[in-house]
Amino acid sequence: MAPGGAFMALSMSHEGWDVAQALADRGIAAFVLKYRLLPTPKDEAEAGKYIWAKMMKGIPDQTKQPVLTNPQATEDGLAALKMVREHAGEWGVDPVRVGMIGFSAGAMTSLQTVLAAKSGKRPAFFGYIYGPQAKIDVPADASPMFDAIALDDPLFPSMGFPIAQAWLAAKRPVEIHGYQQGSHGFGLGKPNTTTTLVLDEFIAWLSMQGFLSRKTAP
């Protein structure tokens with residue numbers, strides 16, 4: 001799983017460890033990706049101002065994917081996939097069921113990992129949680145996508161679901177969840193909103209895709 005943070009910070013607890021523990025509690029092995037970040041000022045107050053300004057400048061057009069990206073994060077996503085698959089036997093996971101879930105910049109990292117991976121080596125699936133909804137070109141063998149965002153998200157205002165529609169047009173599996181309230185960065189859910197269902201809905205979707213079924217003995 002890939003935490004968010006505008007590629008300049010990592011929400012390791014809120015969108016990393018907490019989510020990993022919640023998945024582990026449900027019997028799903030989880031690995032938190034600590035990907036490389038873009039540099040920021042050393043002073044914490046200055047860094048906060050810098051991150052906000054850089055983030056706002058990186059979203060000039062809501063109809064297109066943000067220009068704020070980090071190729072190193074994608075490289076780390078690809079490396080993480082490779083590492084988990086190579087150690088699948090040691091860690092007790094099925095190498096053909098290794099997927100990703102990302103939040104905000106982590107969602108973008110998951111998406112870019114899907115797009116950058118070679119055919120046959122893409123994530124088995126990916127969760128795209130409050131990522132930009134702009135349309136993209138979808139590979140013919142794109143990973144199944146679970147797309148969730150709050151409709152009152154101030155960072156990525158509601159414009160429909162062009163990215164999910166692109167998945168549909170490519171005839172690839174996709175599920176959409178547009179929550180009435182939740183703002184941006186709701187993680188495992190904002191209290192008193194239906195975003196608190198996001199992880200259970202993601203897991204139900206994984207089950208529907210067959211990723212959680214037990215292997216039968218040969």
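A residue is taken as buried when its relative accessible area is under 20%. By this criterion Ser110 is buried in the predicted model, because its relative accessible area is 0%. Ser110 belongs to helix H5, which spans residues 105-116 and lies on the path of the chain from strand E1 to strand E2. A polar atom of the Ser110 side chain is placed 3.5 Å from the backbone nitrogen of Gly102. When neighbours within four places in sequence are set aside, the contacts of Ser110 are with Ala2, Met100, Ile101, Gly102 and Phe126. Of the elements involved, E1 comprises residues 100-103 and E2 comprises residues 126-129.

The overall architecture was examined next. Seven helices and four strands make up the protein chain, and their order from the N terminus is α-α-α-α-β-α-β-β-α-β-α. The radius of gyration of the protein chain is 17 Å, close to the 17 Å given by the globule rule for 218 residues, so the chain is as compact as a globular protein of that length. Along the principal axes, the C-alpha atoms occupy a box of roughly 60 × 35 × 35 Å. Buried residues amount to 45% of the 218 in the protein chain. Among contacts with a separation of 6 or more, 67% are between residues 24 or more positions apart. The protein chain has an accessible surface of about 11,100 Å², and carbon and sulfur atoms contribute 56% of this area.

The pairing of the strands can be followed from E1 onward. E1 and E2 run parallel and are joined by four bridges; within this pairing, Ile101 has Gly127 of E2 as its bridge partner. The connection between the two strands passes through H5, and the resulting β-α-β crossover is right-handed. E2 is covered on both faces, with Phe126 and Tyr128 buried on one side and Gly127 and Ile129 buried on the other. Phe126 is also one of the residues contacted by Ser110 of H5.

E2 pairs in turn with strand E3 (residues 145-150), again in the parallel sense and over four bridges. In this pairing Phe126 is opposite Met145, while Tyr128 has Asp147 as its bridge partner. Six of the six residues of E3 are buried. Met145, Asp147 and Ile149 point one way from the strand, whereas Phe146, Ala148 and Ala150 point the other way. E3 is further joined to E4 by six bridges, and these two strands run parallel. Asp147, the bridge partner of Tyr128 in E2, stands opposite Ile176 in E4. Together with helix H6, strands E3 and E4 form a right-handed β-α-β unit.

Several residues outside these elements were also characterised. Two residues other than glycine have positive phi values: Phe7, with phi near 65°, and Lys171, with phi near 60°. Phe7 is located in the segment before helix H1 (13-25) and is buried, at 4% relative accessibility. Lys171 is located in the loop between H6 (162-169) and E4 (174-179) and is exposed, with a relative accessible area of 72%.

Phe7 is among the residues touched by Leu37, which also contacts Met8, Ala9, Leu10, Asn70 and Gln72 when residues up to four places away in sequence are not counted. Leu37 lies in the loop between H1 and helix H2 (44-57) and is partly exposed, at a relative accessible area of 31%. Although Leu37 and Gly27 are ten residues apart in sequence, their C-alpha atoms are 30 Å apart in space. In the loop between E2 and E3, Ala140 is exposed, with a relative accessibility of 73%. The C-alpha atoms of Ala140 and Met159 are 25 Å apart, with a sequence separation of 19 residues.

Methods:
Residues are numbered from 1 along each chain as its sequence is written. This is a predicted model: local features need pLDDT of at least 70, side-chain atom pairs count only at pLDDT 80 or more; totals for chains, interfaces and linings use all residues. Side-chain values use heavy atoms; hydrogens and water are left out. Buried means under 20% relative accessible area, exposed over 50%, partly exposed in between (1.4 Å probe, protein chains only). Two strands pair if DSSP finds at least two bridges between them. A crossover is right-handed if, with the strands pointing away from the viewer, the path from the first strand over the helix to the second runs clockwise. The radius of gyration is taken over C-alpha atoms; the globule rule is 2.2 Å times the number of residues to the power 0.38. Contact means heavy atoms within 4.5 Å. Accessible areas come from the Shrake-Rupley method with a 1.4 Å probe; for residues, only the protein chains shown count as cover. A polar contact is a pair of N or O atoms within 3.5 Å; within protein, one must be able to donate a hydrogen and the other to accept it, and residues adjacent in sequence count only if both atoms are side-chain atoms.
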